[in-house]
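This briefing accompanies the sequence and structure shown below. It addresses surface and overall form, confidence, the nonpolar cores and one helix in turn.

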Amino acid sequence: MISKYKTFLPVAAGAAILGLSVPVMAQTEDTDSVGDNQVQVAYRTIDKYDLLGGVATLDFEELQKKNYINDINNTTLNGYVAGFNGNSLWGMDADDEGFLVLVDGMPRDMNNVISSEVKDITFMKGAQAVVLYGSRAAKGVIYITTKRGGEGPLQINVRANTGWAVAKSFPEYLGSAEYMTLYNEALANDGLDPMYSQEQIYNTAAKVNPYRYPDINMYSKDYVKKVYNRSDASLEISGGNNRARFYTNVNYFRQGDFVNFGEAKDNYTDRFSVRGNIDVNLTDWVSAYVNAAATYYNARAAHSNDTGDYWANAASLRPNRINPLIPISAINPDAKDVFDLLGTSGNIINGCFLGGTSIDKTNIFADYYAKGYNKFTSRQFQFDAGINLDLGMLTPGLSFHTQYSVDYATSYNSGYTDSYATYVPVWSNFNGVDQIVSISVEGKDEHSGVQNISNSASRQTMMWTGNFDYKRTFADVHNLHAMVLAAGWQRTTAGTYHRTSSANLGFELDYNFDRRYYVDLSLAGLHSAKLAEGHRQAWSPSASLGWRISQEDFLRDSEAVNELMLSASFSNVKTDIYLTDYYMYSPNYTNGGWYSWGSSGDPAAYPKRGSNEDLGYISRKEFSVNLRGEFFNRMIGLDASFFHIDNEGLPINNSTKFPSYFSTYYPEASFVPWLNYNANRRIGFDFGVNFNKSIGEVNLIVGVTGTYYKTKATKRDEIYENDYQYRQGKDVDGIWGYRCLGFFATDEEAEAYDQDALGGTNLQAGDLKYADINGDGKVDTNDQVLLGRGGWYGDPFTLGVNLTAQYKGFTLFLHGTGGFGADGMKDNSYWWVYGDRKYSAEVRNRWTEATAATATYPRLTTSNGANNFVASDFWMYSRDRFELAKVQLTYDFNANLFAGKVVKGLSVYVSGDNLATFGKNRKIIEMSIGTPQSRFYNIGAKVTF
């Protein structure tokens, strides 16, 4: 299913760190443009050497010269800078209300920005860096700055790429004969008679008649290709003078799909977009700008069934269920009724008719051949304009800046949905030859010719900001900056009653003495309509101190220490983004249910929650320390941070503070209100180290980044019988389950052990045995313990390593990422095989009496397998791995070749993404039950005119 507003599908790419991670503080340079040393922070830019922690920057435009990234998303940004782990900033929650993405200051979707449009990206990790953005930014901000025109002659850049996505692996499932054999074994384990005869199994294995005895491999070349193409092209035009400057980007991309039959052969995704901006100096003290972008996104896909898309069916449809296409040549020549019936079919495919059964009247194969297609269409338009006023005529150093934006996004599905007939053959054998003697029909061929429009959606986003800035330097050493701002943001979504809004005031006062001693004070005033009147306002304060040690006399002329800054910050940011809806403070009732009032039959009203008008903001209380330095003539760069974050007042609505009769499970009703109660803690550090040195004619650059964090539930509303059950004091991202003791060795051992609470009645040898932690003689939920960390907000420790080697016109770039400390649970349908599920290759390692000593999988069963298929350390695996994310070789032709010519520059490159994974559980990590993971091989060129 294609999600709304998604503007393109990602193809994974690598990345690199191109500069030090840099933090936050006062502007001392009299400039508003982002230059070599200027960094974008909240509502302004400042010199990177005056930053006080909690911010990291990436010169994305420079990165693209040696590492072309075709999609910007969480995965492709992983490993660039310290503090971002590919999922979150400093391990903060990464759900739908995760970090805030700003594009040129406006809240927008990250995937609606093409890489060729981006100049740089700022990662605002610390609370002190985001406080001025208000409530919505409480989990951090990723600020994307797009390219703009500059003074100079007209410049045209054309870039083109084409590449191939190659599937890493496909899941392995048993063929029909082996499946039927093992399913009979599962039935025998459950004391039931076999379903499949030995003759049926033999005929299937011997491929006597593959149409009568199906053996469908849904990952074979008949249905799936291992490679598809992705191509893109972009055109950039820029130029201007001191009065006006412009930039335009026109780009297009298109990619295919792995599925390769029926309507799915024509599956594609494409995107066309235009982005442009104009900067104008209207007078000496008034400048203005206009930005606009339009995106046209389409995705065509064959119609799927209720079970899901092709990959969902590939993981569930057993190989012997159906044969999708049966040749007409298999019909007995004398079976006139069969030919007459098929003569009415509108879906004869290459001399074959659509197969089915009385149970499988429809199937994914027939869907893709005969049901039609669906096309998802998304359109986005973005516009913003701003004015900058230099008010120095009123008082030196005073300026005013304002910006307004309005974005529109619409999406809908269109297509043709046909119905079709499948045919159930009846086979007979004549003189050793299988032939179809009759068929029955299921369904009807119908083509309405009417285009269906569905799932229409639209949204509008508006934002306004305005701020006064004052910055002055007194007596050459006293640098002062102050800001007062107001900002409001609102989103209207079709079908949603309440608009999503965010509004805040902001105040900032910065001072530094001689660029040595720094003080930064920030304060945001918040307003939230999610809270009751009298509780809707709050203040978020932040304070930072900095000491630029390298400016002291004892280090000022040091050749070993070129730059050294130590800073510390404390912030208390209030937020409402953990409140998932409006009016959560008020009581709620609903009609309906099993009960009614007397003889009138009117439905009763049920309480859904109680009232709590004291429900308030959630706090992010943070203390952080940052150390940044450059050493040995800037050959080595270092940026390291420590952070301690407490999220307090997290909402709960199942509090044990209320009597149990305040809520009932049947009928579902509750008088329990939402409360601010729970609290979480995150403690960790990040670091970034750069090394660059020329060795002969080779320029070498090495970068390493790392982020580590640990979570802790510091406060929970809970009551358990045993101390080890309490979540308080444990990992927030903890995995809970049972300690597995292995397999029951005998039926007698299994019968004597009480695991009935797990649904494990009729336990046998080969079932899993769990530890009775509390020693009460039975295993139930009271015996669940903390098993490991899930790394839900990113791996506990993430690593990024990159290497750049430049020799003459050649540039070799390598980038790797690592993730360590998180565990996974093998709990999808590939691993948890029971009932009539499709059998994966894992069941070959099942427990039997003959394999008792070597088995790594429980005995097979046709029941629900409730005892075996629960969360336990039996199914856990380590997700530790290191991945070679990117390798690119670029050749830049010598500029002298183009002197006096129309072409001014040419670069060509070849690259590979997601090339290798190194880890104990590589095969598990690289295998997906849904859309396959892929490597991507690309060739590209950039021409400058």
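**Surface and overall form**

The protein has an accessible surface of about 40,800 Å², and carbon and sulfur atoms contribute 54% of that area. The model is predicted. Of its 945 residues, 53% count as buried.

- The C-alpha trace extends over about 105 × 75 × 70 Å along the principal axes.
- The radius of gyration is 32 Å, which agrees with the value near 30 Å that a compact globule of 945 residues would have.
- Eleven helices and 43 strands make up the secondary structure of the protein.
- Among contacts with a separation of 6 or more, 73% join residues 24 or more positions apart.

**Confidence**

- Mean pLDDT for the protein is 92, with 95% of residues reaching 70 or more.
- Over residues 1-35, pLDDT stays under 50; the model has 180 contacts beyond four places in sequence for this segment.

**Nonpolar cores**

- In soluble globular proteins, nonpolar side chains tend to be buried together.
- The largest nonpolar core of this protein comprises 63 residues, and Tyr310, Phe365 and Tyr839 have the most contacts inside it.
- Elements giving two or more residues to this core include the helices α4 (176-189), α6 (310-314), α8 (364-371) and α11 (922-926).
- Strands that do so are β8 (152-167), β35 (768-770), β36 (785-789) and β40 (876-878).
- Helix α4 supplies the largest share of the core, seven residues.
- Leaving aside residues up to four places away in sequence, Phe365 touches Ile216, Met218, Tyr223, Phe261, Tyr310, Leu317, Ile322 and Pro324.
- A second core, separate from the largest one, has 50 residues, including Trp90, Ala137, Tyr578 and Val732.

**Helix α5**

- Within α5 (residues 198-205), the buried residues include Ile201, Asn203 and Thr204.
- These residues lie on the same side of α5 because they cover an arc of only 165° around the axis.
- Gln198, Glu199, Tyr202 and Ala205 are exposed on the other side of α5.
- Helix α4 is among what covers the buried residues of α5; α4 also gives the largest core its largest share of residues.
- Lys207, just after α5, adopts a positive phi of about 55°.

Methods. Residues are numbered from 1 along each chain as its sequence is written. This is a predicted model: local features need pLDDT of at least 70, side-chain atom pairs count only at pLDDT 80 or more; totals for chains, interfaces and linings use all residues. Side-chain values use heavy atoms; hydrogens and water are left out. A nonpolar core is a set of buried Ala, Val, Leu, Ile, Met, Phe, Trp, Tyr and Cys residues joined through side-chain atoms within 4.5 Å. Buried means under 20% relative accessible area, exposed over 50%, partly exposed in between (1.4 Å probe, protein chains only). Helices (H or I, at least four residues) and strands (E, at least two) are DSSP runs, numbered from the N terminus. Contact means heavy atoms within 4.5 Å. The arc is that of the directions from the helix axis to the C-beta atoms. pLDDT is the predictor's confidence in each residue, from 0 to 100. The radius of gyration is taken over C-alpha atoms; the globule rule is 2.2 Å times the number of residues to the power 0.38. Accessible areas come from the Shrake-Rupley method with a 1.4 Å probe; for residues, only the protein chains shown count as cover.
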